[in-house]
Amino acid sequence: MGKKKKDIIRLERESVIPIQKPKIISSLANLLEQTSDRANFLKLCQRIEYTIRAWYLLQFEDMMQLYTLFDPIHGAQKLEQQNLTPEEVDEFEIKFLMYLFQVMDKSNFRITTDDEIEVALSAQYRLNLPIVVDESMLDKRLLTTYFMKHPHDNLPYFADKYIIFRRGIGIDHTTGYFFKSKVNTIIVRAWRCFLKVTGLKRVLFRKSRPHFKNDKKESIEISTEAEQDDLYVERIRVENMKLSIFSKLLSKITIQEPTFDRIIVVYRRANTKKENKRGIYVKHFKNIPMADLEIVLPEKRNPSLTPMDWVKFLVSAVIGLVTVISSLSMPKADIRVIFAILSAVIGYCVKTYFSFQQNLITYQSLITQSVYDKQLDSGRGTLLHLCDEVIQQEVKEVILSFFMLMKWGKATRQDLDVWCEELIKKEFNESCNFDVDDAVQKLEKLGIVAQDSKGSYVCVDLKRANEIIGTTTEEVVLTAKQGDSTL
């Protein structure tokens, strides 16, 4: 078996800051020489978080209140209690989706595009069955109406039925013998070679058009907004390995696949004649291999034998039948030869069937794992998690930007962007596409950064910054609690 071409994916940086906020604050505080500066900096970080949290509180409360009407479990009862007209319910659900999409954007989640889905599903990892969504079980009215009123660019082809948000990139490794997969790969390669030699490949696959195309001449990519310092990851699969009896066939191997660090799926089930439910499902997953993205799809149909499997059955049966008839028509038919041919044909059909059954077991295992291990939360829990992530990201951006301005005195937006990314790389060994525009906007809103006549940004000193923000409500409450505990 010849050496296979490497399958490379280009992964670009994202805007999410992957470091925990307490680590950022403590590390930056330790870079300050004066004890008084460290104390003032820690107080400022606390006040920045309290203030930003207060800014988002009303919007988050409105979103959570609206979701109580569309919670798949108790939403129907809430709607009945409200006695709302259908037009009012329609208005509320569009408003909820508007809040949800805003929170997704602030949390640096992006809607997956057709190109990204094509790249993700252009290979196989652990899931080797074709997964199809039962579209009759999904509502098309909700998202169609929303995108008509709030247009988005590069929506995927399934955007009328469900939306998949993604954020972050990781790498999954799985080590094992994968003996069955290796044997299947060798059989598939031999089968393709047979079809090529006999000319059957042109006959069977001349009109075949795969749904997902993959240009092997160039590295394929998952696009984000970054342009530099991209990460190239190789997809290591059994199918593109060089297999030989004395090396990899009988030894353990490690396969590798890029993952979507976080996936959120939004959809609504179709209504029936008896029921008209308005529930909106919001499901949150983690560490989903790109090639196995199908496991997060809603309302999946049970897998069945593929058309290719049936073609294999029919071709094998026809070849076996023709060979047997030819053998019987000979003056001296050899029963042993006929028996060997029939055994080979039947054995191949049995092998194809049991391969499907094994893949079905693997699929069921992956679905179970996606529910218990990969699914982080759903519904209200996911929304609360998103709200907190918005606040954490905004706080980290503001603190990092203020620290760099405090260190260097003044900077343009472009310089500040570069400095913050360099600081993250140097101090935390992480890379991201820093969102400087949002950070500067928040700093100006807080009143602790101003722009001079030349377009550069200048910050006030730490003591003055604390005075401008002032004592927050949370600090008053904490002080009162401390006073009560001393009584």
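**A small sheet, a one-sided helix and a pocket**

In this predicted model, three strands make up an open sheet, ordered β9-β11-β10 and paired in antiparallel fashion. Its edges are β9 (410-411) and β10 (449-451), each of which pairs on one side only. Between β9 and β11 (residues 457-459), which run antiparallel, there are two bridges. Lys-410 is a handy place to look, with Val-458 in β11 as its bridge partner.

Next comes helix α14, which spans residues 462-469. At its start there is a polar contact to look for: a side-chain oxygen of Asp-461 comes to within 3.2 Å of the backbone nitrogen of Lys-463. Along the helix itself, Leu-462, Ala-465, Asn-466 and Ile-469 are buried. These four sit on the same side of α14, because they cover an arc of only 100 degrees around the axis. The spacing fits a general rule: an α-helix has 3.6 residues a turn, so residues three or four places apart point the same way. As for what this buried side meets, the buried residues of α14 pack against three helices, namely α2 (35-70), α11 (380-408) and α13 (436-446). Just after α14 comes Gly-470, with a positive phi of about 80 degrees.

Elsewhere in the chain, His-284 is part of strand β7, which covers residues 281-289. This histidine has a relative accessibility of 2%, and therefore counts as buried, the cut-off being under 20%. Leaving aside residues up to four places away in sequence, the contacts of His-284 include Phe-109 and the run Arg-262, Ile-263 and Ile-264. His-284 also touches Lys-374, Gln-375, Leu-376 and Asp-377, along with Thr-382 and His-385.

Then there is the empty space. Rolling a probe the size of a water molecule over the atoms shows where such space is left. The second largest pocket has a volume of about 830 Å³. It is lined by 32 residues, and those closest to its centre are Val-16, Ile-17, Pro-18, Gly-168 and Asp-261. The elements that give two or more residues to this lining are helices α1 (21-30) and α11, together with strands β3 (162-176) and β6 (253-267). Of these, α11 gives the most, with six residues. Helix α11 thus turns up twice in this account: it helps line the second largest pocket, and the buried residues of α14 pack against it.

Definitions and conventions. Residues are numbered from 1 along each chain as its sequence is written. This is a predicted model: local features need pLDDT of at least 70, side-chain atom pairs count only at pLDDT 80 or more; totals for chains, interfaces and linings use all residues. Side-chain values use heavy atoms; hydrogens and water are left out. Two strands pair if DSSP finds at least two bridges between them. Buried means under 20% relative accessible area, exposed over 50%, partly exposed in between (1.4 Å probe, protein chains only). The arc is that of the directions from the helix axis to the C-beta atoms. Contact means heavy atoms within 4.5 Å. A polar contact is a pair of N or O atoms within 3.5 Å; within protein, one must be able to donate a hydrogen and the other to accept it, and residues adjacent in sequence count only if both atoms are side-chain atoms. On a 1 Å grid over the protein atoms alone, a cavity is a set of points where a 1.4 Å probe fits but cannot get out, and a pocket is an open set with protein on both sides within 12 Å along at least five of seven lines; lining residues have an atom within 4 Å of a point. Grid points are joined across faces, edges and corners, and a volume is the space filled by probe spheres set on the points.
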